[in-house]
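Open the model in your viewer, keep the sequence panel beside it, and have a selection tool ready. We will go from stop to stop, picking residues as we go.

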Amino acid sequence: MKTMQDYMNDPRILNDDGLMNGPEEIRIIHAARLRLQDETAGMTTAERSAYLRKKTEAAFAHYGFPLPEIISFPGQGKLKPRQPFA
């Protein structure tokens, strides 16, 4: 598996003048995106969702954070049509 440094030295980044002339943080973000694209290439939506969930759980566990609970409020938060003032 390629490391982040491998992606930082990837020709897709090195041959892009905009990335090379910009801040290093932008190159790091772009390298992370390339890595994610390569790791999830060919996965179905369900497989990619499970993969990302597993990575998220590992990251939360690594830092000792509890997993956030997902709360749904169906029907709330939608815009309701208003009656125009006459």
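Select Ala-31 and show its neighbours: leaving aside residues up to four places away in sequence, Ala-31 touches Met-4, Tyr-7, Met-8 and Ile-13, where contact means heavy atoms within 4.5 Å. Before you click further, please note that this is a predicted model, in which local features need pLDDT of at least 70 and side-chain atom pairs count only at pLDDT 80 or more, while totals for chains, interfaces and linings use all residues. Residues are numbered from 1 along each chain as its sequence is written, and side-chain values use heavy atoms, with hydrogens and water left out.

**The core around Ala-31**

Now add Tyr-7, Met-8, Ile-13, Leu-19 and Leu-34 to Ala-31, and you have the six residues of the largest nonpolar core. Such a core is a set of buried Ala, Val, Leu, Ile, Met, Phe, Trp, Tyr and Cys residues joined through side-chain atoms within 4.5 Å. Buried means under 20% relative accessible area, exposed means over 50%, and partly exposed is in between (1.4 Å probe, protein chains only). Colour α1 (4-8) and α4 (24-39) next, as these are the elements that give two or more residues to this core. Helices (H or I, at least four residues) and strands (E, at least two) are DSSP runs, numbered from the N terminus.

**Two stops along α4**

Which residues does His-30 touch, not counting those up to four places away in sequence? Select His-30 in helix α4 and you will find Ile-13 and Leu-19 in contact with His-30. His-30 counts as partly exposed, at 27% relative accessibility. Draw a C-alpha to C-alpha distance from His-30 to Met-8: the two are 22 residues apart in sequence and 8.5 Å apart in space.

Is Arg-33 buried or exposed? Arg-33 also belongs to helix α4, and its relative accessible area of 56% makes Arg-33 exposed. From Arg-33 to Tyr-7 the C-alpha distance is 9.5 Å, across 26 residues of sequence.

**A chain of charges**

Select Lys-2, Asp-10, Arg-12 and Asp-38 together, since they are linked in a network of salt bridges. A salt bridge here is a side-chain nitrogen of Lys or Arg within 4 Å of a carboxyl oxygen of Asp or Glu. By this rule the count comes to five. Side chains of opposite charge can pair when their charged atoms come close.

Zoom in on Asp-10 and Arg-12, whose closest N and O atoms are 3.0 Å apart in a salt bridge. Asp-10 is buried, with a relative accessible area of 6%, whereas Arg-12 is partly exposed at 39%. Then follow Arg-12 to Asp-38, where the side chains meet in another salt bridge (3.3 Å, N to O). Arg-12 lies in helix α2 (residues 11-14) and Asp-38 in helix α4, so this pair ties together parts that are 26 residues apart in sequence. Asp-38 is partly exposed, with a relative accessible area of 36%.

Stay on α4 and pick Glu-39 and Arg-35, a salt-bridged pair at 3.0 Å, N to O. They are four residues apart in the helix, so about one helical turn separates them. An α-helix has 3.6 residues a turn, so residues three or four places apart point the same way. Arg-35 is partly exposed, with a relative accessible area of 23%.

**Into the loop and on to α5**

Move to Thr-40, in the loop between α4 and α5 (45-63). Thr-40 is buried, with a relative accessible area of 7%. A polar atom of the Thr-40 side chain lies 2.8 Å from the backbone oxygen of Leu-36. Beyond four places in sequence, Thr-40 touches Arg-48 and Tyr-51.

Now select the whole of α5. Its 19 residues should span 27 Å at 1.5 Å a residue, and the end C-alpha atoms are 27 Å apart, which agrees; the expected span is 1.5 Å times one less than the number of residues. Just after α5, click on Gly-64, which takes a positive phi of about 80°.

**Zoom out**

Return to the full chain, which has five helices and zero strands. Of its 86 residues, 12% count as buried.

Note on methods: A polar contact is a pair of N or O atoms within 3.5 Å; within protein, one must be able to donate a hydrogen and the other to accept it, and residues adjacent in sequence count only if both atoms are side-chain atoms.
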